Amino acid sequence: MKRLSFRLDHLCAATVAMLLPGLSLLAAGPSEPVVQLDLRQPGFPVSPTFYGMMTEEINHAYDGGLYAELVQNRIFKDDANTPVHWSLVGTGGGNTMALDESQPINAALTTSLKLTVAGVSSGRAGIANEGFWGIPATPKTTYHASFYARADTAAPLTLSLESADGTQVYTIATLAKVTRQWARYELTLKTQKIQPDHAARLVLATKTPGTYWFNLVSLFPPTWHHRPNGNRVDLMQKMVNLHPAFLRFPGGNYLEGKTVADHFAWKRTLGDLAERPGHTGPWTYRSSDGMGLLEFLEWAEDMGAEPVLAVYAGFALPSEAHRGGISIPAGKDLEPYVQEALDEIEYVTGPANTTWGARRAADGHPAPFSLHYVEIGNEDFVGDARKTYNARFAQFFDAIKAAHPGLQCIATIPVKSRVPDVLDDHYYATSTEMMKLAHKYDHYDRHQPKIFVGEWATREIKRVDTNGVTTYNWMPWAYRDAPTPNLHAALGDAVFMTGMERNSDIIVMNCYAPLLTRVEPGAFQWNPNLIGYDSLNSYASPSYYVQAMFHGQPGDTVVKTSLTGEPAGFFYSATRSADQRRIWLKVVNLQASEQTVQFDIAGARKVAAQGTLTVLTSERPEDTNTLEAPDKVKPATIKIHGLGARFKQTFAPNSASVLQLETR
Ligand code: AHR
């Protein structure tokens with residue numbers, strides 16, 4: 001397993017000052033807690049799949065986010081009445097722009113944008129796309145553009161990346177002639193030395209009066225691993241740095257949709273973009289399906305992660321029209337959806353001589369993907385799903401097990417009809433609740449199914465009452481101020497993670513959710529989220545850094561521990577490496593004061609006097625990271641001395657720490 005390390009050379013004076021309490025080795029105090037580590041007792045292995053990621057199309061995670069497409073509403077289906085995100089360039093003289101369904105290209109590209117140019121008194125006429133809260137224009141960048149076009153006159157077109165007001169043209173390319181029949185055109189745009197602009201626009205323009213039609217207008221910047229139709233580089237880098245063991249996709253509610261027709265129907269997300277009509281997602285906007293099933297799989301592959309595939313289980317989310325949601329009844333009605341899941345599994349894992357394995361090979365990935373876990377549905381405690389899941393689960397379970405006996409089936413709620421291999425538990429909770437949840441699995445019946453904590457996050461808001469008493473309450477759904485969590489919430493996460501790690505014999509996998517968010521007001525539907533971004537830049541939240549600290553140093557075996565004393569707000573877990581040369585102590589101090597703890601290690605041959613301490617803290621628990629101040633709350637690593645089989649360590653107020661000890 002790969003490890004993360006944080007470099008000392010980035011420490012600023014303020015951070016060093018905050019870490020200093022951690023360096024002081026104090027004399028024993030009567031009320032100081034003692035953590036005993038017993039290396040003589042065999043611990044159980046940390047699940048190799050323990051840390052992963054959960055993803056779905058929410059908060060413009062893909063469209064306008066990870067999926068690097070820069071044009072919004074590229075096939076003109078985002079709104080049935082107007083070409084939203086498009087505007088007319090060179091107005092006046094009777095020029096018009098309108099949606100047009102009279103010129104379909106195929107069954108997916110049915111709506112085109114018709115530009116009627118009556119005159120070009122302003123020098124040109126055309127259409128402009130504003131992108132997702134602006135198109136990023138960056139220096140010395142090569143963009144790949146493509147579009148379908150036809151015209152009633154054979155005329156040249158220009159394609160340019162410009163400032164939003166059109167006064168600055170960053171790069172321009174010319175198409176010699178657009179033909180009378182639909183054709184697909186590709187152009188390259190290259191910028192020189194320009195000032196980065198987060199809100200540029202893409203313009204298709206002409207100097208020749210006539211009628212023009214456009215469809216599937218696309219613009220890509222360089223992508224991760226230069227994959228065509230690929231992913232945004234800075235976001236991929238941040239995720240790769242976490243070394244996730246798995247990627248749970250495609251949801252979340254996005255798997256289900258608000259109507260049966262709008263579930264993640266993976267077959268319409270394959271192959272040529274011109275064959276993908278997109279669909280309405282449950283999070284207020286339409287999905288291009290540019291991030292299709294193969295793109296999900298390749299994203300996981302690029303991170304060295306294995307897919308955890310959620311298959312649609314025949315439930316549409318509650319809506320105004322169907323308050324309990326819509327359940328497809330188990331039996332004959334559900335059969336097509338079971339078959340859809342079996343085909344999907346074959347697409348992922350089948351050799352190229354199977355029907356769907358052949359389709360995957362034709363789509364560009366001959367090698368099957370490794371898959372161990374399939375989740376049947378999502379959160380079937382919602383609406384009427386709870387009443388129907390038992391039977392639906394059984395039908396999927398039996399079919400999947402018959403075809404793929406080696407696959408582990410995950411249930412989204414406890415079921416009686418079958419014994420699931422794994423149960424998916426979700427927790428969105430305040431840090432106060434996380435303190436209780438950290439002990440939830442300590443007494444879990446080990447004969448019950450294993451647990452996948454498939455969604456979890458500390459979700460809270462600080463309240464100070466008239467007496468000045470601070471509490472952390474559940475964040476109201478309408479609260480949309482902060483797209484990403486602050487330090488206090490990150491510490492709530494760390495508290496929960498110590499409990500999960502201590503129980504990682506039963507918790508086989510876990511993943512924070514949601515993963516990605518645009519940060520502009522109105523762009524996100526849920527908070528908090530792990531990673532925030534606009535068109536140009538991205539940042540990691542304090543919760544991301546807690547993930548990095550825990551993912552980066554998971555250890556191979558859980559060490560048996562016990563605690564004497566009951567320090568408030570103090571949580572910990574301990575693991576060691578397979579070669580028994582290293583111990584990792586994860587410690588959270590959720591108090592506003594320092595906490596000194598004694599550690600007694602029994603059974604180690606020799607504990608080296610020198611180790612390292614990685615600490616995440618800040619001046620105030622409400623401190624957070626933003627696009628403007630991405631590094632305000634960031635972990636720092638220092639070398640510490642004076643360690644041994646018995647030592648004391650003081651932990652900074654409001655901090656999460658990983659102490660790495662070397663043993664001989
Ligand atoms: O993570 C956000 C949402 O929370 C998911 O879509 C859903 O599964 C859960 O309720």
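Me: What makes strand β8 (residues 142-151) count as mostly covered?
Reply: Eight of its ten residues are buried. Buried here means under 20% relative accessible area. The model is a predicted one.

Me: How do you know that β8 and strand β11 (residues 183-190) pair?
Reply: Pairing takes at least two bridges. β8 and β11 are joined over eight bridges, in the antiparallel sense. They therefore qualify as paired strands. One position shows the register: A149 of β8 faces A183 in β11.

Me: What makes β8 and strand β13 (residues 210-220) a pair?
Reply: Seven bridges link β8 and β13, again antiparallel. The requirement is at least two, so this pairing counts as well. Within it, S146 has S218 of β13 as its bridge partner.

Me: Which strands make up the open sheet of six, and in what order?
Reply: The order is β30-β32-β33-β38-β35-β36, and the pairing is antiparallel.

Me: Why do β30 (557-558) and β36 (636-640) stand at the edges?
Reply: Each has a single partner strand, so one side of each has no neighbour in the sheet.

Me: How do you know that β33 (residues 582-589) and β38 (residues 655-662) are joined?
Reply: Eight bridges run between β33 and β38, which are antiparallel. At least two are needed, so the two strands pair. In this pairing W584 stands opposite Q660 of β38.

Me: Why is N654 called buried?
Reply: Its relative accessible area is 9%. The limit is under 20%, so N654 falls on the buried side. N654 sits in the loop between β37 (646-651) and β38.

Me: What makes the phi of N654 worth a remark?
Reply: Phi is positive, about 45°, although N654 is not a glycine. Most residues other than glycine have a negative phi.

Me: Where else is phi positive in a residue other than glycine?
Reply: H85 has a phi near 75°. H85 belongs to the loop between β2 (53-54) and β3 (86-89).

Me: Is H85 buried, partly exposed or exposed, and why?
Reply: The relative accessible area of H85 is 25%. Buried needs under 20% and exposed needs over 50%, so H85 is partly exposed.

Me: Why is the peptide bond from F249 to P250 called cis?
Reply: Omega of this bond is near 0°. P250 lies in the loop between β14 (246-249) and α3 (253-256).

Me: How do you know that the bond from G251 to G252 is cis?
Reply: Here omega is near 15°. G252 is in the loop between β14 and α3. Most peptide bonds are trans.

Me: Why does F393 count as buried?
Reply: F393 has 0% relative accessibility. The cut-off is under 20%, so F393 meets it. F393 is part of helix α7 (residues 385-403).

Me: Which residues is F393 in contact with, leaving aside its neighbours within four places in sequence?
Reply: They are I376, I410, A411, V415, S417, R418 and P420. A contact here means heavy atoms within 4.5 Å.

Me: How far does the chain carry T470 from F393?
Reply: T470 is 77 residues from F393 along the chain, and their C-alpha atoms are separated by 44 Å.

Me: What makes helix α10 (residues 542-552) mostly covered?
Reply: Eleven of its eleven residues are buried. Among them are Y544, Y545, M549 and F550. Q547 and H551 are also on the buried list.

Me: How do you know that the chain agrees with a compact globule?
Reply: For 664 residues the expected radius of gyration is near 26 Å; the chain has 27 Å, which agrees. Its C-alpha atoms fill a box of roughly 90 × 60 × 55 Å along the principal axes. Buried residues make up 59% of the chain.

Me: What share of contacts between residues at least 6 apart in sequence joins residues at least 24 apart?
Reply: The share is 75%.

Me: What does the chain expose, and which atoms supply 54% of it?
Reply: It exposes about 25,600 Å², and carbon and sulfur atoms supply that 54%.

Me: How many positive and negative side chains are there, and where do their centres lie?
Reply: There are 60 positive and 67 negative side chains. The centres of the two sets are 4 Å apart.

Me: What does the secondary structure of the chain come to?
Reply: Ten helices and 38 strands.

Conventions. Residues are numbered from 1 along each chain as its sequence is written. This is a predicted model: local features need pLDDT of at least 70, side-chain atom pairs count only at pLDDT 80 or more; totals for chains, interfaces and linings use all residues. Side-chain values use heavy atoms; hydrogens and water are left out. Helices (H or I, at least four residues) and strands (E, at least two) are DSSP runs, numbered from the N terminus. The radius of gyration is taken over C-alpha atoms; the globule rule is 2.2 Å times the number of residues to the power 0.38. Buried means under 20% relative accessible area, exposed over 50%, partly exposed in between (1.4 Å probe, protein chains only). Accessible areas come from the Shrake-Rupley method with a 1.4 Å probe; for residues, only the protein chains shown count as cover. Lys and Arg count as positive and Asp and Glu as negative; His and the chain ends are not counted. The place of a charge is taken as NZ of Lys, CZ of Arg, CG of Asp or CD of Glu.
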